[in-house]
Amino acid sequence: MTKDAILVKNLKKHFKGHLSIGRIEALKGVNLEVKEGGIYGFIGPNGAGKTTTLKIITGLIFPDEGEVQIFGKPHTDYIIRKDIGFLPESPYFYDYLTGEELVKFFGSLFGIQKKELNERTKYLLDLVGLKGKEKIPLRKYSKGMLQRVGLAQALINDAKLLILDEPMSGLDPIGRREIRDLILKLKEEGKTIFFSSHILADAEMICDEVAIIVKGKIVQKGRLEELLAKDVQFYDISFKGIETPPELKDKVVVAFEGYSMIRLKDEDEVDKALATLINKGGKIMSLMPHKTSLEEIFLSSIEEKKNE
Amino acid sequence: MSRFKLSCMQVIAIAKNTYKEAIRSKIFYVLMAFAIAMLGFAVILSFLTIGSQKRVILDLGLAGISFFSVMTSIFVGIGLIYLEIEKKTIYNVLSKPLPRASFIVGRYFGLMAVLGINLIAMLIILSIALLFFKGFTPMIFYAGLFIYLELAVITAIAIFFSSIASPVLSAICTLAFYLIGHTSSTFPEMLVPLLHNDIQKKIALFFFHILPDLSILNVSNLITYNIPIAPGFTIRGIIYAVLFSTLLIFAGCLFFKKRDLV
């Protein structure tokens, strides 16, 4: 059975308002189960509670209520963070250090010995595309370069679990693709990746599971294909070789040079239509379910929450 | 690797980084330049005095070194914890397998290393000036030790406040402690007799006991005027500075341990 890399139970957190007036409920009972060995996307609009959740998991802030376990152990023991590689949102680093010095500094906090640290630093800076820029002070780095050096330091301890807060933020499309590929490569190496994002297209492309958080509450979670499959909007069947049967005439979307395409609402209709077409000697060219995109699920979740 | 060994490695790493941060910051060089200018001023002023040229250089030199070292300690120390939170650089550090206490202790040792090197450099410059005027005494390094002990206490105060308050408030509180520390020894003899009731007297004595007494660590006058130093003075000063600094750092760690880093 797959273990939970992260288990979050009923996490609640509030912050005081400006000048300590008022109370902001940042998390209202968040529950998450991140299985080992997959890519888990934690998505939500700005201010939904993503970063607060990540900060609690990494021990930067303390919950009012609830429990967090990392690989079955309570997250309150700092030593458990040996198994975690963390990239904070818009990483802020010591700008008086060079890229190489920064990665080595973070490596030394894990107790990595000098020889291994030198080799790993070089390897990781190459991996994230900073070869030749390792001796430049961070104050001269662009936002994208800072994001890359941030990823390098998150990988320095070869952690089993990577927690990445908005890893694609600040990157151009090529950079985003490179980071996506890197995340997929890390998954192949058996690592668990838990990342927050508001870039839904990226999440949809690489995630095995997602959770959508809105106003401090998880509103949807599960395996991505299941979430998307729940909401198949319609099916398109294209065929050739026969005229469209009369009972399917009102379903035709396109008919052109012997090819036809019909659009059906549910699986029963699809079964019947396929049987009819095959019986009449038609050749099925394709069957395409049109699923709801993650963006549509995300927006409808926000809309539902607004109406509550 | 044991937790203790890992913690020691982490403290060294944080201290090294603090050292790099200080020596790469402008404020360090500005204060260092002021200190050297002060030593130059001491030499110029000594030409205007009759007969006590060496004593003026020694007196002003040690006072200048002490003052600018304390200023460096306060103005770098007050930002050591707070600015890490303000600039969010702390998120990445404390998300590593690092006890928060190791972070504070590492920052403290890092700044103490910078202050130590700074102090040695200034003492060497002062020694050269005194050698030139044939007034060198190895006792200036003894005075240096006591300046360093005072810096240990002041830095601990600055770091303590930096872990709980903003830099401005920390600077005000640390400066207040520094000034009170140089006058608190007069509380029992000068302040208490002026008070009228027992409660006021007890409060004054209570503060006398809990506030730092930096006069214990002041030997500059003894050296300048060649006053003999009592036996046990050095040990008492070292024990006082180490205990006071340890208690303050420990208190800072306790406050910082449960602090939300938002």
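**Notes on the two-chain model**

1. A good place to begin is a pair of residues in chain A: Leu162(A) stands opposite Ile193(A) in strand E8(A). Do keep in mind, as you look, that this is a predicted model. The chain gets from E7(A) to E8(A) by way of helix H5 of chain A, residues 173–188, and this β-α-β crossover is right-handed. Strand E7 of chain A covers residues 161–165, and E7(A) and E8(A) pair in the parallel sense over five bridges.

2. Now stay with E8(A) and ask which way the side chains go. Thr192(A), Phe194(A) and Ser196(A) point one way from the strand, while Ile193(A), Phe195(A) and Ser197(A) point the other way. Are these residues buried or exposed? They are all buried, whichever way they point. Strand E8 of chain A consists of residues 192–197, and because six of its six residues are buried, it is largely enclosed by the rest of the structure. For burial, the cut-off is 20 or more other C-beta atoms within 10 Å of the residue's own.

3. Which strand besides E7(A) pairs with E8(A)? Look for strand E3 of chain A, residues 39–43, which pairs with E8(A) in the parallel sense, also over five bridges. As a landmark for this pairing, find Tyr40(A), whose bridge partner in E8(A) is Phe194(A). E3(A) also pairs with strand E9 of chain A, residues 209–214, in the parallel sense over four bridges. Here you can pick out Ile43(A), which has Ile212(A) in E9(A) as its bridge partner.

4. With those pairs in place, you can follow the whole sheet. It is an open sheet of six strands in the order E6-E7-E8-E3-E9-E10 (chain A), and its pairing is mixed. At the edges are strand E6 (84–87) and strand E10 (217–223) of chain A, each pairing on one side only. On average, neighbouring strands of this sheet are turned by 15° against each other, direction ignored.

5. Next, see which helices lie over the six-stranded sheet. Helix H1 of chain A, residues 50–57, lies across E3, E7, E8 and E9 of chain A, and runs at about 145° to E7(A). Helix H4 of chain A, residues 143–154, lies across E6 and E7 of chain A, and its angle to E6(A) is about 165°.

6. Chain A has another sheet for you to trace. This one is an open sheet of four strands, ordered E12-E13-E11-E14 (chain A), with antiparallel pairing. Strand E12 (252–256) and strand E14 (283–291) of chain A are at the edges with a single partner strand each, so one side of each has no neighbour in the sheet. Neighbouring strands here are turned by 15° against each other on average, direction ignored.

7. A closer look at this four-stranded sheet is worthwhile. Strand E11 of chain A, residues 232–240, runs antiparallel to E14(A), and eight bridges join them. One handy marker is Ser238(A), whose bridge partner in E14(A) is Ser286(A). Helix H8 of chain A, residues 267–279, lies across E11, strand E13 (259–264) and E14 of chain A, and runs at about 5° to E11(A).

8. How is chain A divided into domains? The domain assignment gives domain 1 as 4–228 and domain 2 as 232–291. The C-alpha centres of domain 1 and domain 2 of chain A lie 45 Å apart.

9. Two residues deserve a second glance for their backbone angles. Asn10(A) is not a glycine, yet has a positive phi of about 45°. You will find Asn10(A) in strand E1 of chain A, residues 4–16. Asn10(A) is partly exposed, having 13 other C-beta atoms within 10 Å. Phe71(A), again not a glycine, has a positive phi of about 45°. Phe71(A) is in the loop between strand E4 (65–70) and strand E5 (73–74) of chain A, and counts as partly exposed, with 17 C-beta neighbours inside 10 Å.

10. Finally, turn to where the chains meet. How many residues of chain B are in contact with chain A? There are 25 in chain B, in contact with 25 residues of chain A. On the chain B side, helix H1 (3–23) and helix H5 (89–94) are the elements that give two or more residues. H1(B) gives the largest share of that side, eight residues. By kind, the residues on that side of chain B divide into 11 nonpolar, five polar and nine charged.

Technical notes:
Residues numbered from 1 in each chain as written. Chains lettered and ligands numbered in written order. Predicted model: local features only at pLDDT ≥ 70, side-chain atom pairs only at ≥ 80, totals over all residues. Contact = placed C-beta atoms within 7 Å. Nonpolar A, V, L, I, M, F, W, Y, C, P; charged D, E, K, R; others polar. Buried ≥ 20, exposed ≤ 12 C-beta atoms within 10 Å, placed from the backbone. Pairing = 2+ DSSP bridges. Right-handed = clockwise from strand over helix to strand, strands pointing away. Axes fitted to C-alpha atoms, helices over the stretch in contact; angles between N-to-C directions. Domains from an automatic or database assignment.
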